[in-house]
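Hi,

Here is the structure I promised to pass on to you. Please have a look at it first, and then read my notes underneath.

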Amino acid sequence: MRFFLAVLLVISVASCGGPEPRRPVEVKSGSFFKESIERTKKLLAEEEKAIQEIISKDTVHEYMSNPNGFWYYYETKNDTATYQLKSGDQILFSYNLMNLEGDTIYTVEEIGPKSHVIDKQQLFPGLQNAVKLLKINEKATFLFPSPLAFGYQGDNKAIGPKTPLKSSVELHTIIIDNDSLN
């Protein structure tokens, strides 16, 4: 009996090690994200190279680069306008969308005139920043790499995933937000 109690005591002391945490079945190294970043960098470099080729072949227009990552030129410039758009201003503008080869995806008529409140409503990222550069009655053509267009998703209609875009944008009307004047 003493032997049996001693064995039972040894077993109970040995089993008091506490619960052991479960280990993950699969260990993620983060390599998927690193590979995705590299693919995105490579895609962006290819698109920027294609855009630079378009710019170098176009001897008619004077392109400007924007710190947000797109390029543009003015078709119609309004040198008499002085008001620069501010957050909260409402605008009426029109635009079209083309691929970089100049094939029309959506016409101005298909899209129609758009009312937009600066920084309060969503447009695709490139257009969101592009309209802010225009003054009333100005028209400019913009070249957007796919991350500034509709990215990896596309628009689930005519614009496919990873499609860089060209767009002519014209600003028709500005309704100044009184709060932005203060």
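Below are my notes on the charged pairs, one unpaired glutamate and a surface patch.

First, the ground rules: this is a predicted model, in which local features need pLDDT of at least 70 and side-chain atom pairs count only at pLDDT 80 or more, while totals for chains, interfaces and linings use all residues. Residues are numbered from 1 along each chain as its sequence is written, and side-chain values use heavy atoms, with hydrogens and water left out.

Let me start with the salt bridges (a side-chain nitrogen of Lys or Arg within 4 Å of a carboxyl oxygen of Asp or Glu). Searching the whole structure gives three of them.

- Glutamate 75 pairs with lysine 139, with 3.8 Å between the closest N and O atoms. This joins strand β2 (residues 71-76) to strand β7 (residues 139-144), across 64 residues; strands here are DSSP runs of E with at least two residues, and helices are runs of H or I with at least four, numbered from the N terminus.
- Lysine 77 pairs with glutamate 138, again with the closest N and O atoms 3.8 Å apart. Lysine 77 lies in the loop between β2 and β3 (90-95), and glutamate 138 in the loop between α4 (125-130) and β7, 61 residues apart.
- Lysine 132 meets aspartate 119 at 2.6 Å, N to O. They sit 13 residues apart, lysine 132 in the loop between α4 and β7 and aspartate 119 in the loop between β6 (114-117) and α4.

How covered are these residues? I call a residue buried under 20% relative accessible area, exposed over 50%, and partly exposed in between (1.4 Å probe, protein chains only). Glutamate 138 is buried because its relative accessibility is 1%, whereas its partner lysine 77 is partly exposed at 45%.

Glutamate 47, in helix α2 (residues 31-57), may catch your eye. This residue is buried yet has no salt bridge, and the nearest side chain of opposite charge (Lys and Arg count as positive, Asp and Glu as negative; His and the chain ends are not counted) is lysine 162, 8.2 Å away. Its side chain does reach the backbone nitrogen of serine 146 at 2.7 Å.

Finally, Met1, Phe4, Leu5 and Leu8 make a nonpolar surface patch of about 490 Å². Patch members have over 30% relative accessible area (Shrake-Rupley, 1.4 Å probe) and no salt bridge, with nonpolar side chains (Val, Leu, Ile, Met, Phe, Trp, Tyr) joined within 5 Å and like charges within 9 Å. Methionine 1 counts as exposed because its relative accessibility is 75%.

Best wishes

Terms used:
A polar contact is a pair of N or O atoms within 3.5 Å; within protein, one must be able to donate a hydrogen and the other to accept it, and residues adjacent in sequence count only if both atoms are side-chain atoms.
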